[in-house]
Amino acid sequence: RVTLFTLVIFVLGMGSVTVLTGRMLRQDMQAMLEQQQFATASLAAADVSQELGDRLRALELEASGIGPALLADAPALQRHLLTRPALQALFNAGTFIVGSDGTALASLPASTPRSGINYRAHDFIAAALASGSSSIGQPTHGKLLHSPVLHMAAALRDANGQVTGALAGVIDLGQPNFLDGIVGQRYGQTGNYLLV
């Protein structure tokens with residue numbers, strides 16, 4: 001009886017230790033996985049932020065070189081856009097320039113005719129024209145491209161700092177773009193990324 005009683009206590013003790021250790025190990029693994037996932041997601045988010053920031057700064061830099069005289073000459077404005085291949089590399093769906101009323105004056109590529117279309121009601125153009133601040137618009141379904149797009153805009157200013165128009169860049173999310181390197185990656189064997 002003593003041996004049996006000792007054996008039962010030993011088995012119960014080992015079972016309790018196993019269950020307790022299993023729970024602690026599970027909690028530790030969950031905490032470690034949460035930290036690892038957060039670090040990975042933070043890295044991906046920082047990369048997206050960097051890419052968007054680079055594109056916004058490129059627009060701002062180009063916008064600073066477009067004065068009122070150039071803005072008043074639509075053919076010269078179109079030629080000016082043609083001499084900016086770096087912008088076309090950053091914005092896979094092209095770029096366009098609007099006047100102070102929000103109407104597109106010049107646009108690239110030629111396959112997506114935007115000239116004459118008024119963009120004043122779009123959030124990215126409205127922010128650039130109203131406050132003079134660079135902005136990234138809400139992702140939308142492009143009416144001309146028939147795919148999801150992301151717009152960015154930077155204000156054009158005259159010598160007095162008054163807003164005279166905006167330079168906008170368009171990223172077609174349905175075509176290869178900078179987000180593919182992040183969102184297209186897998187997390188482990190079964191995980192993936194969702195960009196919100």
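In the predicted model, the largest pocket encloses about 300 Å³ of space. Its lining is formed by 15 residues, and those nearest the centre of this pocket are P139, L150, L173, L179 and L195. By class, 13 residues of this lining are nonpolar and two are polar, while no charged residue takes part.

The second largest pocket has a volume of about 250 Å³. This pocket is likewise lined by 15 residues, among which Y119, H122, G142, K143 and H151 are the closest to its centre. Two elements, β4 (140–141) and β5 (148–157), each give two or more residues to the lining of the second largest pocket. The composition of that lining comprises seven nonpolar, six polar and two charged residues. Thus charged residues are present in the lining of the second largest pocket, whereas the lining of the largest pocket has none.

A further feature of the model concerns R114, which is placed in the loop between β2 (104–108) and α5 (123–131). R114 is buried but forms no salt bridge. The nearest side chain of opposite charge belongs to D172, at a distance of 8.1 Å, and a salt bridge is counted only within 4 Å.

The surroundings of R114 were examined with its neighbours within four places in sequence left aside. On this basis, R114 is in contact with A93, G94, T95, F96, A104, S107, L108, P109, Y119, L144, L145 and V170. Y119, one of these contacts of R114, is also one of the residues closest to the centre of the second largest pocket.

Notes:
Residues are numbered from 1 along each chain as its sequence is written. This is a predicted model: local features need pLDDT of at least 70, side-chain atom pairs count only at pLDDT 80 or more; totals for chains, interfaces and linings use all residues. Side-chain values use heavy atoms; hydrogens and water are left out. On a 1 Å grid over the protein atoms alone, a cavity is a set of points where a 1.4 Å probe fits but cannot get out, and a pocket is an open set with protein on both sides within 12 Å along at least five of seven lines; lining residues have an atom within 4 Å of a point. Grid points are joined across faces, edges and corners, and a volume is the space filled by probe spheres set on the points. Ala, Val, Leu, Ile, Met, Phe, Trp, Tyr, Cys and Pro count as nonpolar, Asp, Glu, Lys and Arg as charged, and the others, Gly among them, as polar. Helices (H or I, at least four residues) and strands (E, at least two) are DSSP runs, numbered from the N terminus. Buried means under 20% relative accessible area, exposed over 50%, partly exposed in between (1.4 Å probe, protein chains only). Lys and Arg count as positive and Asp and Glu as negative; His and the chain ends are not counted. Contact means heavy atoms within 4.5 Å.
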